Amino acid sequence: MDWTAVGLTLKLASCTTVILFVVGVPLAYWLSVTRWRGRFLVESIVALPLVLPPTVLGFYILMTLGPNSLPGQAFESIFGRTLPFSFAGILLGSVLYNLPFSVRPFMAAFSRTDRKLVEASWCLGRSPWETFWRITFPLSRPGIVTGMVLTFAHSVGEFGVVLMVGGNIPGVTRTLSIAIYDDVQALDYASAGQAAMLLVGFSLVILAAVQLTTRRELPV
Amino acid sequence: MTNGLSASFTKRYARNVAIEAELEQPADSFSVTVLFGPSGCGKTTLLRCLAGLERPEKGVIRFQDETWFDSERSTFRSPQQRDIGFCFQEFALFPHLTVRQNVGYGLSGRKSHDRTNTVNEMLKRFELSGLGERYPHQLSGGQQQRTAVARSLVRKPRLLLLDEPLSALDTALRDELRSTLRQLLQQFEIPVVLVTHDRVEAISLADRVVVMDAGKVRQRGTVDEVFSYPADTTVARIVGVETVARGHIISVEDGWATIEIPGGRLLAVASSIQTQHVHVCIKGEDVSLARPPEQDSLRPNQLPARVQRIIPEGPLVRVVLDCGFQLVALVTRSTIEGLQLHVGDAVTAAVRTPAIHLLPASPTEANSPTGKVV
């Protein structure tokens with residue numbers, strides 16, 4: 001078993017989940033309350049990775065952030081290295097590709113919150129910020145947990161974007177799913193089988209846990 | 001500057017329907033103004049405008065010396081800045097917080113000791129003392145309602161707004177709470193604006209009534225003024241006068257008017273009626289029934305009638321009569337049994353003379369249907 005790959009995979013998934021929590025919660029809340037007409041466009045962009053092949057997303061990340069592009073050169077001049085074939089690169093790809101898996105459950109949870117409860121909180125003198133943290137967020141917790149778990153599980157199994165942006169550098173960009181692909185290419189079926197079994201077991205456990213917690217957290 | 005609440009604004013709330021609100025309410029002591037009208041007449045939207053949950057298109061809302069809304073100067077105070085209590089129709093209790101946490105929710109920024117005391121006092125006043133640690137779904141309807149009212153009063157707001165406070169409860173509980181609600185609110189010396197579509201609720205809770213229909217204020221006044229002397233036929237229909245019939249005045253003598261109606265003649269207090277054509281408003285409870293007398297000797301305001309329909313309504317029975325126009329009587333069940341009334345029977349309907357209320361009518365409607373059952 002390639003434990004370096006396992007560690008790297010978990011690191012990638014954790015970082016992706018944390019970033020998407022920080023970015024996704026405000027974005028989803030904004031989408032759930034805004035009356036702006038262009039809202040549907042933002043929603044479509046968020047949902048795009050659901051239908052787009054990962055290779056397409058990976059291709060565009062390479063194009064826009066590669067050493068020949070302006071953002072890529074800016075990144076290189078600040079951090080002293082290029083984005084492709086680095087952990088930061090695959091993390092960016094993973095975040096973008098998992099956007100719908102966090103933002104959409106978050107959004108559904110926020111829009112399910114009874115508007116009257118929010119208004120009741122306002123009438124009791126609480127600011128919109130306090131109202132969010134004391135009413136909307138606690139009541140949306142099942143949906144937020146679901147979104148984060150889905151994001152984590154999905155980024156553990158991510159392949160296309162990681163391969164396009166990161167390639168196959170052990171300890172840097174070689175995640176578990178890349179390792180499996182690599183093992184099969186090298187006809188090392190035993191190693192590939194072990195890693196594959198690990199992923200199947202992990203995914204099953206995660207999904208079962210989500211089912212259990214969401215059911216328990218529903219109001220009686 | 002007024003020392004109360006004064007509001008005059010317009011707000012679109014449904015397709016092509018705009019609310020035109022005019023309100024005055026003294027603010028220094030306890031008094032209940034009831035916004036009364038059929039469902040969908042815009043009374044809840046009006047209440048939400050007062051709370052700052054909706055923003056009117058045009059107009060002014062002032063409270064004491066503050067301007068809450070002024071379209072000309074683009075002034076708008078948020079609900080947080082208005083210092084009000086608002087009770088929602090379905091109570092809107094926070095499901096993830098206990099009764100104690102719900103009631104104490106509005107007390108931010110106070111010392112926890114002070115806060116606990118205030119909450120305890122409120123729980124005691126609203127008979128919730130043993131229920132502080134329960135969650136809303138573990139409470140009965142009446143307890144939920146008391147929690148909601150306690151929560152909205154805990155900050156000692158300057159104005160309390162109640163949206164259909166009893167409509168989410170079942171009938172028995174509603175009857176019980178109607179009487180206690182006013183007593184509960186009376187302890188807090190603040191003005192109350194309450195929205196309801198229930199006539200009994202309006203009568204038993206209100207000091208002043210504002211009748212609304214299709215977004216417009218139709219009449220304002222004391223309970224008596226509005227319910228016994230509706231300003232026009234629309235108000236009469238809304239406040240639940242069962243019979244509104246057309247007639248015209250034949251003569252006025254000593255303050256008594258003789259009115260010709262399709263089935264005969266009625267005698268009524270002429271009051272300030274100036275027009276010849278009138279709407280005659282008769283409440284169902286002011287009509288009594290008897291078997292027709294042997295001879296043809298009807299006294300004033302007794303009308304020969306035929307029973308068209310008998311509709312039981314709990315302890316009372318609604319009897320629809322044909323006496324040239326349609327007349328509705330609300331009588332007790334025992335009256336029906338005593339008279340052995342059946343559909344098609346001939347009866348004499350007697351209308352209490354002082355209870356006949358005349359409203360001016362325009363002569364152009366002369367050919368419209370003569371009677372209306374509401």
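**Exercise 1: the A/B interface**

Work out how much area is buried between chain A and chain B, and which residues of chain A lose the most of it.

*Solution.* Keep in mind that we're working with a predicted model.

- Step 1: Start with the area. About 1800 Å² is buried between chain A and chain B, and carbon and sulfur atoms give 65% of that.
- Step 2: Look at the chain A side. C123(A), L124(A) and R126(A) lose the most area to chain B, together 36% of what that side buries.
- Step 3: Count heads. Chain A brings 18 residues to the contact, and chain B brings 20.

**Exercise 2: polar links across the interface**

Find how many salt bridges join chain A and chain B, then say which helix of chain A gives the most residues to the side that touches chain B.

*Solution.*

- Step 1: The count between the two chains is 1 salt bridge.
- Step 2: Pin it down. E119(A) pairs with R48(B), with the closest N and O atoms 2.7 Å apart.
- Step 3: Add the polar contacts. Across the interface, 6 residue pairs pass the rule, both partners being at pLDDT 80 or more.
- Step 4: Now the helices. Helix 6 (115-123) and helix 7 (128-139) of chain A each supply at least two residues to the side that touches chain B. Helix 6 gives the most, with 7 residues.

**Exercise 3: following E119(A) further**

Is E119(A) buried or exposed, and which residues are linked with E119(A) in a network of salt bridges?

*Solution.*

- Step 1: Check the accessibility. E119(A) sits at 3%, so it counts as buried, the cut-off being under 20%.
- Step 2: Look within chain A. The side chains of E119(A) and R115(A) meet in a salt bridge at 3.5 Å, N to O.
- Step 3: Check the spacing. R115(A) and E119(A) are 4 residues apart in helix 6 of chain A, so about one helical turn separates them.
- Step 4: Compare the burial classes. R115(A) has a relative accessible area of 44% and is partly exposed, whereas E119(A) is buried.
- Step 5: Zoom out. The salt-bridge network links E119(A) with R115(A), K11(B), R48(B) and E54(B).

**Exercise 4: two more salt bridges**

The whole structure holds 20 salt bridges over all chains. Take D182(A) with R174(A) and E260(B) with R265(B), and sort the four residues by burial class.

*Solution.*

- Step 1: In chain A, D182(A) and R174(A) meet at 2.5 Å, N to O. D182(A) is partly exposed at 27%, while R174(A) is buried at 12%.
- Step 2: In chain B, the closest N and O atoms of E260(B) and R265(B) are 3.3 Å apart. E260(B) is partly exposed at 31%, and R265(B) is exposed at 51%, the cut-off being over 50%.

**Exercise 5: what covers helix 7, and a patch on the surface**

Which residues of helix 7 of chain A are buried, what covers them, and which residues make the nonpolar surface patch of about 320 Å²?

*Solution.*

- Step 1: In helix 7 of chain A, the buried residues include T131(A), F132(A), I135(A), T136(A) and F137(A).
- Step 2: Their cover includes helix 1, helix 5 (87-112), helix 6 and helix 8 (141-156) of chain A.
- Step 3: Now go to the surface. V18(A), I19(A), V22(A) and V23(A) make the nonpolar patch of about 320 Å².
- Step 4: Place one of the patch residues. V23(A) lies in helix 1 (residues 3-33) of chain A, and with a relative accessible area of 44%, V23(A) is partly exposed.

Note on methods:
Residues numbered from 1 in each chain as written. Chains lettered and ligands numbered in written order. Predicted model: local features only at pLDDT ≥ 70, side-chain atom pairs only at ≥ 80, totals over all residues. Heavy atoms only, no water. Patch = residues over 30% accessible without salt bridge, like charges linked within 9 Å, V, L, I, M, F, W, Y side chains within 5 Å. Areas by Shrake-Rupley, 256 points an atom, 1.4 Å probe, with all protein chains shown as cover. Salt bridge = Lys/Arg side-chain N within 4 Å of Asp/Glu carboxyl O. Buried < 20%, exposed > 50% of the residue type's maximum accessible area, 1.4 Å probe, protein only. Contact = heavy atoms within 4.5 Å. Buried area = accessible area lost by both parts, 1.4 Å probe. Polar contact = N/O pair within 3.5 Å; in protein donor to acceptor, adjacent residues only side chain to side chain.
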